[in-house]
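Please open the model in your viewer and keep the sequence panel beside it, since this tour moves from one selection to the next. At each stop, make the selection first and then read what is there.

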Amino acid sequence: MTDIHRTSNGTSSKSTSKAAKDESLEYKMEIVWGNVLAHCVLHAIALYGLTDVAWKSNVKTLLFATVLVFVGVMGVTAGPHRLWCHRGYSAKLPMRILLAVCSTLAFQNSIFTWARDHRAHHKFTDTNADPHNAKRGFFFSHIGWLMVKKHPDVIKRGGGIDCSDLLNDPVVYYQHKYYYQLSLIITFFLPTYLPHYLWGESIWNAFIMAGITRLILEYHIAWSVNSVAHMWGNRPYDESIDPAENMMVSLFGMGEGWHNYHHVFPFDYRASEFSWKLNPTTQFIDLMHLLGQAYNLKTVPKDLIKARAQKTGNGTMYEQLNRQKVGQVDAENEKGYTYDY
Ligand SMILES: [Zn+2]
Ligand SMILES: [Zn+2]
């Protein structure tokens, strides 16, 4: 966590990026044709789903598929991202199992692999050691990085990041160990079988809509955090970095688009300064907190956020907000959530 926390300090983040750039290894891009083919086939199926099968499916199947898109997105944002990678909060076993199931549904690698790659993303943001380096363009940071061999800087520098804490959690350990078996059941079998069993949908329609099309829609939402939110939006907390506050990404990404704040204060469980502003993942964690499942929620003191925004932001921090909302946030921050960094 120490390394990730360093990104909350502008100078450390900049010096890390500079070091990564200076020591960049020789690189010749190598396309992984199997992955290219897999993504082409999956996208062709999704296109077929949206243009043809969707019109022949039971409306319950379409609703089910839509719900699964957001359950998958939420599974990753609340689980591998805010809980396991950034340790923004702690969770009891039932909640960790629930998040493991939901993030397996999202089929974005095991919790361990996801969190490890994401720690590299934060430590080496937008350098060659960042797995989805946005400096290499929109296509690369969105989907291209999944179609080529990793840059040697990712392997060399990413290998030095301490991830030992992750596998100490038996939920992460077993989800990683049995990832493909679990995925077969949770990602593909259940979304196909349940609509057939519950309301008599054909296996074909259920597979195309709730299996594949749902997965591709969820992928594009998740990938937009790495591409769109690293290119477009406001930078009120640190204008020297690429990650930005992007409302559209937050709208579909369950609150993950407040990316300028998140890269400055990655350990804040809200991934935003504001839990009320397009941030369903935070509201879900708050609900679990009320139910006694989530605890040790980490936030950043308001004065520290303001000081940082004044020092490195682009000066727009409170222009977008009305006074009433700011007052509401101040009251919220006085509730006494723990802050232990
Ligand atoms: Zn990012
Ligand atoms: Zn993050």
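Begin by selecting helix H3, residues 33–56, together with helix H12, residues 203–226, in what is a predicted model. The crossing of these two helices, H3 and H12, is left-handed. Their axes lie 9 Å apart and the helices pack at an angle of about 130°, which makes H3 oblique to H12. To see where they touch, show the side chains on both sides: in H3 the residues in contact include Leu 42, His 43, Ile 45, Ala 46 and Tyr 48, and further along H3 come Gly 49, Leu 50, Val 53, Ala 54 and Lys 56. Facing them from H12 are Asn 205, Ile 208, Met 209, Ile 212, Thr 213 and Ile 216. If you colour the residues of this contact between H3 and H12 by type, you should find 11 nonpolar, 4 polar and 1 charged.

**Stretches marked in a record**

Next, select residues 31–50, 62–85, 97–115 and 178–199, each of which an unreviewed UniProt entry gives as a "transmembrane region". Stay with two of these spans for a moment. Residues 31–50 are 90% helix and 0% strand, and the C-alpha atoms at the two ends of the span lie 28 Å apart. Over residues 178–199 the chain is 95% helix and 0% strand, with the end C-alpha atoms 30 Å apart.

**Helix H4 and its partners**

Now select helix H4, which runs over residues 59–85, and add helix H5, residues 93–106. How far apart are the axes of H4 and H5, and at what angle do the helices pack? The axes are 7 Å apart and the angle is about 120°, and H4 and H5 are therefore oblique to each other. The crossing of H4 and H5 is left-handed. On the H4 side, the contact is made by Leu 68, Val 71, Gly 72, Val 73, Met 74, Gly 75, Val 76, Ala 78, Gly 79, Pro 80 and Leu 83, while H5 brings Leu 99, Ala 100, Cys 102, Ser 103, Leu 105 and Ala 106 to the contact. The residues of the contact of H4 with H5 divide into 13 nonpolar, 4 polar and no charged.

While H5 is still displayed, pick out Leu 98, which lies in this helix. Leu 98 has 17 other C-beta atoms within 10 Å, and so it counts as partly exposed. Draw a distance from its C-alpha atom to that of Gly 75, and you will find the two residues 8.2 Å apart in space, although they are 23 residues apart in sequence.

Hide H5 and bring in helix H15, residues 280–290, beside H4. The axes of H4 and H15 come within 9 Å and cross at roughly 70°, and the two helices are therefore roughly perpendicular to each other. Here H4 contributes Met 74, Thr 77, Ala 78 and Arg 82 to the contact, and H15 contributes Pro 280, Thr 281, Phe 284 and Ile 285. By type, the residues where H4 meets H15 divide into 5 nonpolar, 2 polar and 1 charged.

One more residue of H4 is worth a stop, namely Lys 60. Is Lys 60 buried or partly exposed? Lys 60 is partly exposed, because 13 other C-beta atoms lie within 10 Å. Apart from its neighbours within four places in sequence, Lys 60 is in contact with Pro 195 and Trp 199. The C-alpha atoms of Lys 60 and Trp 199 are separated by 7.9 Å, even though these residues are 139 residues apart along the chain.

**Two loop residues with positive phi**

Follow the chain out of H4 into the loop between that helix and strand E1, residues 90–91, and select Arg 87 there. Arg 87 has a positive phi of about 55°, although it is not a glycine. With 19 C-beta neighbours inside 10 Å, Arg 87 counts as partly exposed, as the cut-off for a buried residue is 20 or more.

Then move to the loop between helix H14, residues 259–264, and H15, where you will find Leu 278. Leu 278 is not a glycine either, yet has a positive phi of about 40°. It is partly exposed, with 19 other C-beta atoms within 10 Å.

**The whole chain**

Finally, show everything again. The protein chain holds 17 helices and 2 strands, and buried residues make up 47% of its 341 residues. Among contacts between residues at least 6 apart in sequence, 72% join residues at least 24 apart.

Notes: Residues are numbered from 1 along each chain as its sequence is written. Chains are lettered from A and ligands numbered from 1 in the order in which they are written. This is a predicted model: local features need pLDDT of at least 70, side-chain atom pairs count only at pLDDT 80 or more; totals for chains, interfaces and linings use all residues. Helices (H or I, at least four residues) and strands (E, at least two) are DSSP runs, numbered from the N terminus. A residue is buried if 20 or more other C-beta atoms lie within 10 Å of its own, exposed if 12 or fewer, and partly exposed in between; C-beta atoms are placed from the backbone. Two residues are in contact if their C-beta atoms, placed from the backbone, lie within 7 Å. Axes are lines fitted to C-alpha atoms, for helices over the stretch in contact, and angles run from 0 to 180 degrees between N-to-C directions. Angles under 35 degrees count as roughly parallel, over 145 as roughly antiparallel, 65 to 115 as roughly perpendicular and the rest as oblique. A crossing is left-handed if the near helix is turned anticlockwise from the far one by less than a right angle, and right-handed if clockwise. Ala, Val, Leu, Ile, Met, Phe, Trp, Tyr, Cys and Pro count as nonpolar, Asp, Glu, Lys and Arg as charged, and the others, Gly among them, as polar. UniProt positions are given in the numbering used here, feature names are shortened, and annotations may be inferred rather than shown by experiment.
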